[in-house]
Amino acid sequence: MHPRLIDRFNRLTRHRQEHIERVVAVMEKLAEAHHLDREAARLAGYGHDLARELARSELLAEAERLGISYGPEERAEPLLLHGPVAARWLKDLSLGNPDVWQAIQYHTTAAPGLSPLAKALFVADGVEPGRRYNGRDVLERLAYENLEKAYAAVLQSTLQYLDARHLPWHPLTQGALAELNGTAYAPE
Ligand SMILES: [Fe+2]
Ligand SMILES: [Fe+2]
C-alpha cells in the first residue's frame with residue numbers, strides 16, 4: 001500500500017478503520033466468488049472511505065482543489081464528495097485502475113453503468129458485518145451467490161433509508177434505479 005494512503009488510513013478513527021477492514025474482507029470474498037481482480041477489490045475497499053472523516057468544508061475545498069465538479073446535491077451535503085475525493089487521491093497516485101476509481105467514486109450514490117467491481121464495493125459497504133439491520137446476514141450471503149441481485153437489494157435499502165429520513169435521491173442513484181428497472185433516465 002502507498003505510504004500516502006497508509007498515512008490517510010492511520011489518521012482515521014479506529015471505528016472507521018475497522019469498518020474499512022471489514023469492507024476489505026467482504027471484498028476479498030466477493031472477488032473470490034465472482035472472479036474479480038483480488039488486488040483491485042482490496043484496494044477499492046481500502047480506499048473507499050479514506051476521505052470520510054474530512055469536515056464538510058474540507059471536502060468542498062478538496063473538491064475545488066482537485067477540480068472535481070459537483071452539483072447542488074453535493075453543495076447541500078458535502079459528505080457526498082468523500083467518494084469522488086478519495087477516488088482522485090488514488091488516481092493521482094496512479095494507484096489501481098479505472099475500475100477501482102469508479103468503484104470508490106460511486107460507492108455512496110451508486111450510478112448507472114457500474115462495473116462488477118463497483119457493484120461489489122457498493123454491496124460490501126452495505127452488508128459488512130458491522131452494519132446492524134434485520135436481514136444483513138441474508139443479504140451478505142446473497143452477495144456471494146448473486147452480485148446483481150444483492151446490488152439491487154442494497155440499492156433498494158439505500159432508497160428506503162433516504163425516504164425514512166426524508167432525504168432526496170441523488171440523480172446518480174435515480175439513474176442506477178432506472179437502469180435496474182430498464183427505464184431510460186436522463187438527469188435534468
Ligand atoms: Fe463511504
Ligand atoms: Fe464505507
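## Annotated span and overall fold

Residues 12-139 have end C-alpha atoms that lie 27 Å apart, and this span is 64% helix and 0% strand. In the UniProt record, an unreviewed entry, the annotation "domain: HD/PDEase" covers residues 12-139. The structure described here is a predicted model.

The protein chain contains 11 helices and zero strands, so that its pattern along the sequence reads α-α-α-α-α-α-α-α-α-α-α. The C-alpha trace spans about 40 × 35 × 30 Å along its principal axes. For 188 residues, a compact globule would be expected to have a radius of gyration near 16 Å, and the value for the protein chain, 16 Å, agrees with this. Buried residues account for 39% of the 188 residues. Of the contacts between residues at least 6 apart in sequence, 56% join residues at least 24 apart.

## Helix 4 and the glycine that follows

Helix 4 comprises residues 56-66, and its buried residues are Leu-59, Glu-62 and Ala-63. These residues lie on the same side of helix 4, because the arc they cover around the axis is only 100°. An α-helix has 3.6 residues a turn, and therefore residues three or four places apart point the same way. The other side of helix 4 carries the exposed residues Ser-57, Glu-64 and Arg-65. Helix 6 (82-92) is included in what covers the buried residues of helix 4.

Gly-67 comes just after helix 4 and takes a positive phi of about 70°. Gly-67 is placed in the loop between helix 4 and helix 5 (72-76). Gly-67 counts as exposed because it has 7 C-beta neighbours inside 10 Å, where the limit for an exposed residue is 12 or fewer. Gly-67 and Arg-88 are 21 residues apart along the chain, and their C-alpha atoms are separated by 9.8 Å.

## Packing of helices 7 and 8

Two packed helices are described by the angle between their axes and the distance between the axes. Helix 7 (residues 98-105) packs with helix 8 (residues 116-127) at an angle of about 35°, and the axes are 8 Å apart. The crossing in which helix 7 passes helix 8 is right-handed. In this pairing, Asp-99, Val-100, Gln-102 and Ala-103 of helix 7 meet Leu-117, Ala-118 and Leu-121 of helix 8.

## Positive phi outside glycine

Most residues other than glycine have a negative phi. His-35 is not a glycine, yet has a positive phi of about 55°. His-35 sits in the loop between helix 2 (14-34) and helix 3 (38-47). With 8 C-beta neighbours inside 10 Å, His-35 is classed as exposed.

Ala-110, also a residue other than glycine, has a positive phi near 60°. The loop between helix 7 and helix 8 holds Ala-110. Whereas His-35 is exposed, Ala-110 is buried, with 27 other C-beta atoms within 10 Å; the threshold for a buried residue is 20 or more.

## Tyr-144 in helix 9

Tyr-144 belongs to helix 9, which runs over residues 136-145. Tyr-144 is partly exposed, since 16 other C-beta atoms lie within 10 Å. Leaving aside residues up to four places away in sequence, Tyr-144 touches Lys-29, Leu-30 and Ala-33. Those three positions fall within the range of helix 2 (14-34).

Tyr-144 and Leu-172 are 28 residues apart in sequence, and their C-alpha atoms are 25 Å apart in space.

## Helix 11

Leu-172 is one of the buried residues of helix 11 (residues 171-181), together with Thr-173, Gly-175 and Ala-176. The buried residues line one face of helix 11, because they fall within an arc of 160° when seen down the axis. They pack against helix 10 (147-164).

Gly-182 takes a positive phi of about 75° just after helix 11. A positive phi of about 70° is likewise found for Gly-67, just after helix 4.

Terms used:
Residues numbered from 1 in each chain as written. Chains lettered and ligands numbered in written order. Predicted model: local features only at pLDDT ≥ 70, side-chain atom pairs only at ≥ 80, totals over all residues. Helix = DSSP H or I, 4+ residues; strand = E, 2+ residues; numbered from the N terminus. Rg over C-alpha atoms; globule rule 2.2 N^0.38 Å. Contact = placed C-beta atoms within 7 Å. UniProt positions renumbered as here; feature names shortened; annotations may be inferred. Arc of directions from axis to C-beta. Axes fitted to C-alpha atoms, helices over the stretch in contact; angles between N-to-C directions. Left-handed = near helix turned anticlockwise from the far one by under 90°.
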